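Trainee: Could we go through this structure together? I would like to see how each descriptive word is earned.

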Amino acid sequence: YLDYPTYDSIPKPSRYKTFFVMRDPRDAVVSFYYAALVSHTPVYPILRMRADLQTLDKRAGLRYVIDSLVEFGYFEAQRSWVSAEAAADENVRVFRYEDRAANESRFLRELLDYLEVPMPDEELQHLASWFSFERITGRPKGTEDISHHLRKGTPGDWRAEFDDEILAYFGDVTQDLVQVLGYDTNY
């Protein structure tokens, strides 16, 4: 996972735009849990993680994923993209996965406008429809299929998957990450 300081150190052309898609880190844990357990392409480190996760109950598995995401630098990478330094970079914009899930057309319009890519509304609607969760999976958002990499398509699923113990563990490990990223802290 690329953090902002690493990104910032990469040489860039004189004219460029960068966007980072942020996701509620609690939902990222749930998504990664199911992907590593069932649906992700079996590559390194997924093969090792899948074998480990298959020996654990869900609570222990979620803790394992939280620890793995810390090891991968995922949470700190997220934190870095909302840092004051990143926020001051006029060529960088942070978008939210939750906005995409709520309204794919509006999300796509905002992204293309930011990138200064003109697209007529009719084409944009077609593009949004073509890449919609429903068209790709054949299921409405919220209908779960843990064997599909696009498992459910709805944000906030962490509320159904985290119990008090996992939520406390996540908070201990990530500290103020949820607040820093601007996500709702209500359980």
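Mentor: Happily. Let us begin with a term we will need: contact means heavy atoms within 4.5 Å. Keep in mind too that this is a predicted model.

Trainee: Which residues of α3 and α4 meet under that cut-off?

Mentor: From α3 there are Arg48, Met49, Asp52 and Leu53, and they meet Gly61, Tyr64, Val65, Ser68 and Phe72 of α4. By class, that contact divides into 5 nonpolar, 2 polar and 2 charged residues. Gly is counted among the polar residues.

Trainee: Why is α3 called roughly parallel or roughly antiparallel to α4?

Mentor: Look at the angle: the axes of α3 and α4 cross at roughly 155 degrees and come within 10 Å. Angles over 145 degrees count as roughly antiparallel, so α3 is roughly antiparallel to α4. As for handedness, α3 passes α4 in a right-handed crossing.

Trainee: What makes the buried residues of α3 line one face of the helix?

Mentor: The buried residues of helix α3, which spans residues 46-53, are Ile46, Met49, Arg50 and Leu53. Viewed down the axis of α3, they fall within an arc of 100 degrees, so they line one face of the helix. Their cover includes α2 (25-39) and α4.

Trainee: What is special about the peptide bond leading into Pro45?

Mentor: The bond from Tyr44 to Pro45 is cis, with omega near 0 degrees. Most peptide bonds are trans. Pro45 itself sits in the loop between α2 and α3.

Trainee: Now to another pair. Are α4 and α12 roughly parallel or roughly antiparallel, and how do you know?

Mentor: Helix α4 (residues 58-72) and helix α12 (residues 164-174) pack at an angle of about 15 degrees, with axes 10 Å apart. An angle under 35 degrees counts as roughly parallel, and α4 and α12 are therefore roughly parallel to each other. Their crossing is right-handed.

Trainee: Which residues make that contact?

Mentor: On the α4 side they are Arg59, Leu62, Arg63, Ile66, Asp67 and Val70, and on the α12 side Glu165, Ile166, Tyr169, Phe170 and Val173. The contact of α4 with α12 has 7 nonpolar, no polar and 4 charged residues. Tyr counts as nonpolar in this scheme.

Trainee: What about α8 and α9: why are they called oblique?

Mentor: The axes of helix α8 (residues 104-114) and helix α9 (residues 121-130) cross at roughly 120 degrees and come within 9 Å. The roughly perpendicular class covers 65 to 115 degrees, roughly antiparallel begins over 145, and the rest outside the named classes is oblique. That is why α8 and α9 are oblique to each other. Here again the label is right-handed, for α8 passes α9 in a right-handed crossing. Glu104, Ser105, Leu108, Arg109 and Leu112 of α8 make the contact with Asp121, Leu124, Gln125, Leu127 and Ala128 of α9. These residues divide into 5 nonpolar, 2 polar and 3 charged.

Trainee: Is Asp121 buried or exposed, and how do you know?

Mentor: Asp121 lies in helix α9. Its relative accessible area is 53%, and exposed means over 50%, so Asp121 is exposed. Asp121 and Ser105 are 16 residues apart in sequence, with their C-alpha atoms 9.1 Å apart in space.

Trainee: Is Ser80 buried or exposed?

Mentor: Ser80, in helix α5 (residues 74-81), has a relative accessible area of 11%. Buried means under 20%, so Ser80 is buried. Leaving out residues up to four places away in sequence, Ser80 touches Asp3, Tyr4, Pro5 and Ala86.

Trainee: What makes the phi of Glu116 worth a remark?

Mentor: Most residues other than glycine have a negative phi. Glu116 has a positive phi of about 60 degrees although it is not a glycine. Glu116 is in the loop between α8 and α9. At 47% relative accessibility, which lies between the 20% and 50% cut-offs, Glu116 counts as partly exposed.

Trainee: And what about Gln175?

Mentor: Gln175 is not a glycine, yet has a positive phi of about 60 degrees. Gln175 lies in the loop between α12 and α13 (177-180). With a relative accessible area of 55%, set against the cut-off of over 50%, Gln175 is exposed.

Notes:
Residues are numbered from 1 along each chain as its sequence is written. This is a predicted model: local features need pLDDT of at least 70, side-chain atom pairs count only at pLDDT 80 or more; totals for chains, interfaces and linings use all residues. Side-chain values use heavy atoms; hydrogens and water are left out. Axes are lines fitted to C-alpha atoms, for helices over the stretch in contact, and angles run from 0 to 180 degrees between N-to-C directions. Helices (H or I, at least four residues) and strands (E, at least two) are DSSP runs, numbered from the N terminus. A crossing is left-handed if the near helix is turned anticlockwise from the far one by less than a right angle, and right-handed if clockwise. Buried means under 20% relative accessible area, exposed over 50%, partly exposed in between (1.4 Å probe, protein chains only). The arc is that of the directions from the helix axis to the C-beta atoms.
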